[in-house]
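Trainee: Could we go through this one together? I'd like to hear the reasoning behind the labels, not just the labels.

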Amino acid sequence: MHLIAFSRGDHRYGIELAYLSEIRPVTRCTPVPGVPPFYVGVIHVRGDIIAVLDIAVLFGREPGAAAAEQFAIVVTSGDITAGLLADSVDDVHDLLPGRIHPPLTTFTDRRERYISGLSQDGVSILDVDKLLHDERLWVRQEPSEERR
Amino acid sequence: MSKASNDAKTAELLGIDDAEIATRRSLLQIGPDDEAVMSGLDAVSRARLPEWLNEIEAHFRAFPEAAAALNEAGAVEAMKTAQEGYFGGLTAGTYDEAFALSRLSQDRAGTSSAGLGPQFYLAAYSLFVRGLLHEIFVRYGHDAALLGSAIEAIVKTMFLDFSFALHAYVASGKAQEEQLKRSFIHQLTNAAEQLNQASLNILMATSAQSTSASQQAAAINEITSTINEVKQTSQQALEKAHGVIDVAERSVEASKVGGRAVEQSIEGMHQIKEQVESIAEKILALSEQTQMIGEIIATVNDIAEQSKLLALNASIEAAKAGEHGKGFAVVSMEIRNLAEQSKQATIQVRKILGEIQKATNSAVIVTEEGSKRVETGVELANSAGVNIHQLTEAIEESARMAKQIAASAKQQSIGMEQVSIAMGNINKASTENVKSIKQTEQVSRSLGALTGQINKLIEEFSK
């Protein structure tokens, strides 16, 4: 199983390569008014407008000081594409499925919903399908237009 | 003492008493007949006397000595009155002690009171006797015996009278001699007294003079030693002044050298300042260049970042490609490593650049400080130059003053030499003065001895 790991705040997260389309530097992120605080803003990616989410804010963790250079991990699930804010990006990891542990039962909040497992070196593997398709996270104004 | 008692005393001294009168009468053989003849002539004599007195006066005036005496106020009348009494008394006819005392006490023919000698007395007597004899010849010329007895009586009486006059003259001479002796002794005593007093005065004066002369000698000695001290002092002042002149000349030379050194150091400071300024400019240029290097490095860093990201994306694509992308994954890994190395290199370069910039900044600050210090140094050197110049002037001024002091000291030395010579002369003079004072003292002592001898003589003489 191929993973890409990135860090945001004081925590590390992992994403399966299958969801990953590209990693790009966040040079200009345009903030959007009237949205929940985990929406950092929107960026241009070759003609498309993509929303950028901050996992640390979504999980109620300490976001820490913003790094000098931040990245957007662009992920796709079905017809939904979004960017996840990252402070730094590790190389591609090749993990055996046996080395992934199920999430801790103590996760009772949003983390339980969006984390599919934990690697031995403490990387939380995100469930991109659940994260992108949870309608509770959507902004309900012209959703069809937004999704595209 | 009255004249009568004086004459009585004289008569007593001469031993004229009744016995003496009697002796004289018997020697001249004067008897009662003679006395009778004389009293018989009394009227005639007194009648003719004024005429005779006029003759005497006229005769006396022929002699300058008598004429001078008679020219005194009232002298003629006094003489005539005295002559009238004297010549009138001759024909009294009684020639006893009373007569003798009368003759002794009277002025002899008025000549004594006029201060005329016995020769005038005899001249007056002669004229009187001539007149009287003429009257006798007229009266008794017819009777030779009578005439003879009359002449005899006149001659006898005349000689008796002369004996008294002679006695009077002798007595008068003795009295005069006594008077002269007394006066002489008195004057001699006075002179001796004055001489004694004078010699005492001289003694006192010489002793006072002697004291002051010894004081003067002591003072001269003190002055002489003081002059010697002053001479030594002025000699020392002269030497010191010469020393000051030497030192001042050397100091002027040294300060000139110092002034040149200060000018050279100012020049050197200016050169240092220029060099420091040029160093500062070069360092600033270097700093700008390092900034440019920093910009270039930033670009290189960006490129490395982008390469790294590209490599990451490439490795993602390679992973997605599965088995076919494995070789590409290795290449992308190598690229990513290179990019990482480039980034590390840029970090190092940036670090070094930061240090270089810090170093250049501090170098710029240091050079600015150096420039400021050079300016301060130039100011200090300038003020040192001014000070040295002033010092030179002051030293030259003191050298001039020292020369004046030397000249003054020389003049003082010469003046002191002259004063010393003068003091020597004064010393000699005072020594001689002391000698002469000693001689004067001796003389005044012998004067005192002399007055003692004179006093002894006076005592003997007064006995």
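Mentor: Happy to. Chain A has four helices and 11 strands. Keep in mind that this is a predicted model.

Trainee: What makes a residue of chain A count as buried, and what share of the chain is that?

Mentor: The cut-off is under 20% relative accessible area. Of the 148 residues in chain A, 43% are buried. As for its surface, chain A exposes about 7900 Å², with 51% of that coming from carbon and sulfur atoms.

Trainee: And how do the contacts in chain A spread along the sequence?

Mentor: Take the contacts with a separation of 6 or more: 55% of them in chain A join residues 24 or more positions apart. For chain B the corresponding share is 83%.

Trainee: What is the secondary structure of chain B?

Mentor: Chain B has 10 helices and zero strands, so a run along its sequence reads α-α-α-α-α-α-α-α-α-α. Buried residues make up 30% of its 463 residues. Chain B exposes about 28200 Å², and carbon and sulfur atoms supply 59% of that area.

Trainee: How do helix α3 and helix α9 of chain B meet?

Mentor: Helix α3 covers residues 32–40 and helix α9 covers residues 144–321. Their axes come within 9 Å and cross at roughly 95 degrees.

Trainee: Why is α3(B) called roughly perpendicular to α9(B)?

Mentor: Set the angle against the range: 65 to 115 degrees counts as roughly perpendicular. The crossing is at roughly 95 degrees, so α3(B) is roughly perpendicular to α9(B).

Trainee: Which residues make that contact?

Mentor: From α3(B), they are B:Asp34, B:Val37 and B:Met38. From α9(B), they are B:Ala150, B:Ala153, B:Ile154, B:Lys156 and B:Thr157.

Trainee: How do the residues of that contact divide into nonpolar, polar and charged?

Mentor: Five are nonpolar, one is polar and two are charged. Ala, Val, Ile and Met are among the nonpolar types, while Asp and Lys count as charged. Thr is in neither of those groups, so it counts as polar.

Trainee: Now the two chains together. How do you know that chain A and chain B are in contact?

Mentor: The test is heavy atoms within 4.5 Å. By that test, 14 residues of chain A are in contact with 11 residues of chain B.

Trainee: What area is buried between them, and which residues of chain A supply the most?

Mentor: About 1000 Å² is buried between chain A and chain B, and carbon and sulfur atoms give 58% of it. On the chain A side, A:Leu17, A:Ile23 and A:Asp91 supply 43% of the area that chain buries against chain B, more than any other three residues.

How values were computed: Residues are numbered from 1 along each chain as its sequence is written. Chains are lettered from A and ligands numbered from 1 in the order in which they are written. This is a predicted model: local features need pLDDT of at least 70, side-chain atom pairs count only at pLDDT 80 or more; totals for chains, interfaces and linings use all residues. Side-chain values use heavy atoms; hydrogens and water are left out. Helices (H or I, at least four residues) and strands (E, at least two) are DSSP runs, numbered from the N terminus. Buried means under 20% relative accessible area, exposed over 50%, partly exposed in between (1.4 Å probe, protein chains only). Accessible areas come from the Shrake-Rupley method with a 1.4 Å probe; for residues, only the protein chains shown count as cover. Axes are lines fitted to C-alpha atoms, for helices over the stretch in contact, and angles run from 0 to 180 degrees between N-to-C directions. Angles under 35 degrees count as roughly parallel, over 145 as roughly antiparallel, 65 to 115 as roughly perpendicular and the rest as oblique. Buried area is the accessible area (1.4 Å probe) that two parts lose on being put together, summed over both.
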